[in-house]
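Student: I am new to this structure and would like a close look at a single part of it. Could you pick one place and work outward from there, explaining each term as you use it?

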Amino acid sequence: MQQHLNFPRKFIEHLLGSADVHRTRVEECLGVSLSVRGEEVILKGEGDSADVAAKVRDDVYNLFRQGVQVRVDDLRSALTLVRAGSAQ
């Protein structure tokens, strides 16, 4: 499955994190590949992986819009919660 989404560049930088630390964490935890072309984010994954990653992305975007800076620990917690919810 593949999803194409458009976001402001500032959010994409926030989503990926310093040195792509967030991108790497999402890819490893959810088994997806995440690539960026300009303001477009492309998620690719097997089964529900892309859907789960999209849910995490939406949650992070909502926090970003509220001015919250997401740390790696926050992202790890979000990934755990979303993954647990998709297993039910």
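**A close look at Arg9 and its surroundings**

Tutor: Arg9 lies in helix α1, which covers residues 9-16; helices (H or I, at least four residues) and strands (E, at least two) are DSSP runs, numbered from the N terminus. What you see is a predicted model, in which local features need pLDDT of at least 70 and side-chain atom pairs count only at pLDDT 80 or more, while totals for chains, interfaces and linings use all residues. Residues are numbered from 1 along each chain as its sequence is written, and side-chain values use heavy atoms, with hydrogens and water left out.

With a relative accessibility of 38%, Arg9 counts as partly exposed, where buried means under 20% relative accessible area, exposed means over 50%, and partly exposed is what falls in between (1.4 Å probe, protein chains only). Leaving aside the neighbours within four places in sequence, Arg9 is in contact with Val36, Gly38 and Glu39, contact meaning heavy atoms within 4.5 Å. The C-alpha atoms of Arg9 and Glu40 are separated by 8.8 Å, although these two residues are 31 places apart along the chain.

Within the helix, the side chain of Arg9 meets that of Glu13 in a salt bridge at 3.8 Å, N to O; the term stands for a side-chain nitrogen of Lys or Arg within 4 Å of a carboxyl oxygen of Asp or Glu. The structure holds one salt bridge. Both of its residues, Glu13 and Arg9, belong to α1 and are four residues apart, about one turn of the helix. An α-helix has 3.6 residues a turn, so residues three or four places apart point the same way. Glu13, at 47% relative accessibility, is also partly exposed.

Among the contacts of Arg9, Glu39 is worth following. Glu39 is found in the loop between β2 and β3 and is partly exposed, with a relative accessible area of 45%. Not counting residues up to four places away in sequence, Glu39 touches Leu5, Asn6, Phe7, Pro8, Arg9 and Ile12. By contrast, the C-alpha atoms of Glu39 and Val56, which are 17 residues apart along the chain, are separated by 18 Å.

The loop belongs to a hairpin: β2 and β3 have two residues between them, and Gly38 in the turn has a positive phi of about 65°. Strand β2 (residues 32-37) pairs with strand β3 (residues 40-45) in the antiparallel sense over six bridges; two strands pair if DSSP finds at least two bridges between them. Within this pairing, Arg37 has Glu40 of β3 as its bridge partner, and Ser35 has Ile42 of β3.

The hairpin is part of an open sheet of three strands in the order β1-β3-β2, with antiparallel pairing. Its edge strands are β1 (2-6) and β2, each of which pairs on one side only, and neighbouring strands are turned by 20° against each other on average, direction ignored. For such angles, axes are lines fitted to C-alpha atoms, for helices over the stretch in contact, and angles run from 0 to 180 degrees between N-to-C directions. On the other side of the hairpin strand β3, five bridges join β1 to β3 in the antiparallel sense; here Leu5 stands opposite Val41 in β3, and Asn6 has Glu40 of β3 as its bridge partner.

Helix α1, where we began, packs on this sheet and touches β2 and β3, its direction making about 150° with that of β2. Helix α3 (residues 49-65) packs on the sheet as well, touching β1, β2 and β3, and its direction makes about 145° with that of β3.

One more contact of Glu39, Phe7, leads to the aromatic rings. Five aromatic pairs are found in the whole structure, and one of them is the tilted pair of Phe7 and Phe11, with 4.9 Å centre to centre and 55° between the planes. Rings of Phe, Tyr and Trp (its six-membered ring) pair if their centres lie within 6.5 Å, and planes under 30 degrees apart count as stacked, over 60 as edge-to-face and the rest as tilted. Phe7 and Phe11 are both buried, and ring pairs link them with Tyr61 and Phe64 into a cluster.
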